Amino acid sequence: MSIVQRVCKALERIAPLRLAEKWDNVGLLLEAPQQRANANRVLLTIDLTPAVLVEALSTPTAFIVAYHPTIFKPFSSLTLSNPLQASLLRCAAAGISVYVPHTALDSVTGGINDWLCLGLNNQIAPPQDNIRFIGEADKDGMGGLGRVITFPEPISMSELQRRIKAHLNVQHIQVAYTPLRDPNVVRSVAVCAGSGGSVLLGVDADLYFTGEMVHHEVLEAVASGHNVALCGHTNTERGYLRVLAQKLLPELSADASPSERSLEVHVSKADEHPLRIV
């Protein structure tokens with residue numbers, strides 16, 4: 001079995017593509033015509049940036065799992081003048097394939113949104129009846145667009161802010177407080193990784209926790225009685241790559257025959273949030 005087949009099958013078991021949003025573009029988005037020689041590394045990243053490409057080319061990387069879609073809108077051409085297209089062309093030329101899980105990994109049970117809930121609950125897995133899906137669950141009950149976590153006892157905004165920063169390994173987050181709720185009494189949090197405004201608005205929860213919302217979405221949330229915590233789009237996603245690496249490695253081994261080379265899974269060192277607080 002080829003490396004491409006092994007990785008695709010393993011990722012499908014971890015985050016079935018049927019759970020992805022209809023508007024999304026997920027799965028194997030670039031299949032290199034030839035497999036890179038003497039390469040056995042699967043590189044996990046949020047975005048396929050030029051820096052990540054350099055990292056992949058300078059290491060024995062055979063396959064890139066990029067969380068965000070590397071191809072979203074149709075191309076009318078493929079040229080080196082476009083940075084993203086250039087990265088894809090160079091991957092294909094080098095024998096590196098690219099797979100995107102995106103919203104399938106958000107939605108699946110045990111995926112990114114559940115990982116965010118784990119941080120809110122101070123690294124203690126909450127009971128299943130304390131978490132409900134936002135949006136319709138899969139027919140097998142495997143996922144939904146976001147989550148609402150309910151705490152057995154109220155928690156203060158200040159404590160939740162501490163937990164969020166510790167879990168995401170960030171020093172600063174943005175918060176908005178509604179005058180309609182006591183900031184020392186938070187019983188429920190609605191969670192959506194990445195950009196969560198369209199998912200969270202209208203959901204019944206004391207706090208909306210996501211990466212980013214546009215200005216008027218924040219105003220609407222606060223006016224309708226919801227606190228808001230924004231952490232930076234990819235800051236709500238990047239920490240999960242370590243979890244994905246732990247899930248992926250045994251799945252890759254399960255598909256390997258005795259004669260097939262073992263694969264390594266690495267989290268990109270070059271992948272980072274594009275913005276700095278100065």
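**Salt bridges and a domain interface**

In this predicted model, Glu-272 pairs with Arg-276 in a salt bridge whose closest N and O atoms are 3.1 Å apart. Glu-272 is partly exposed, with a relative accessible area of 48%, whereas Arg-276 counts as exposed because its relative accessible area of 55% is over the 50% cut-off. Elsewhere, salt bridges with shared partners connect Glu-159, Arg-162 and Arg-163 into one network.

Within that network, the side chains of Glu-159 and Arg-163 meet in a salt bridge, with a distance of 2.8 Å from N to O. Both residues belong to helix α6, which covers residues 157-168, and they are four residues apart, or about one turn of the helix. Their accessibilities fall on opposite sides of the 20% limit that defines burial: Arg-163, at 14% relative accessibility, counts as buried, while Glu-159, at 22%, counts as partly exposed.

A further salt bridge joins Arg-147 to Asp-114, and here the closest N and O atoms are 2.8 Å apart. This pair links distant parts of the chain, since Arg-147 sits in strand β6 (residues 146-155) and Asp-114 in helix α5 (residues 112-120), with the two positions 33 residues apart in numbering. Arg-147 is buried at 0% relative accessibility, and Asp-114 is also classed as buried, at 18%, because both values are under 20%. Side chains of opposite charge can pair when their charged atoms come close, and in this model the count of salt bridges comes to seven.

The view now widens to the domains. The chain is divided into domain 1, made of residues 3-105 together with 237-266, and domain 2, made of residues 109-232; their C-alpha centres lie 29 Å apart. Eleven residues of domain 1 are in contact with ten residues of domain 2, and the area buried between the two domains is about 970 Å², of which carbon and sulfur atoms give 65%. On the side of domain 1, Arg-18, Glu-237 and Tyr-240 supply 47% of the area buried against domain 2, more than any other three residues.

Which kinds of polar pairing does the interface of domain 1 and domain 2 hold? Zero salt bridges are found across this interface, but two residue pairs are in polar contact there, both at pLDDT 80 or more. Helix α9 (residues 240-254) gives the most to the side of domain 1 that touches domain 2, with three residues. By class, this side of domain 1 has six nonpolar, one polar and four charged residues.

Definitions and conventions:
Residues numbered from 1 in each chain as written. Predicted model: local features only at pLDDT ≥ 70, side-chain atom pairs only at ≥ 80, totals over all residues. Heavy atoms only, no water. Salt bridge = Lys/Arg side-chain N within 4 Å of Asp/Glu carboxyl O. Buried < 20%, exposed > 50% of the residue type's maximum accessible area, 1.4 Å probe, protein only. Domains from an automatic or database assignment. Contact = heavy atoms within 4.5 Å. Buried area = accessible area lost by both parts, 1.4 Å probe. Polar contact = N/O pair within 3.5 Å; in protein donor to acceptor, adjacent residues only side chain to side chain. Nonpolar A, V, L, I, M, F, W, Y, C, P; charged D, E, K, R; others polar.
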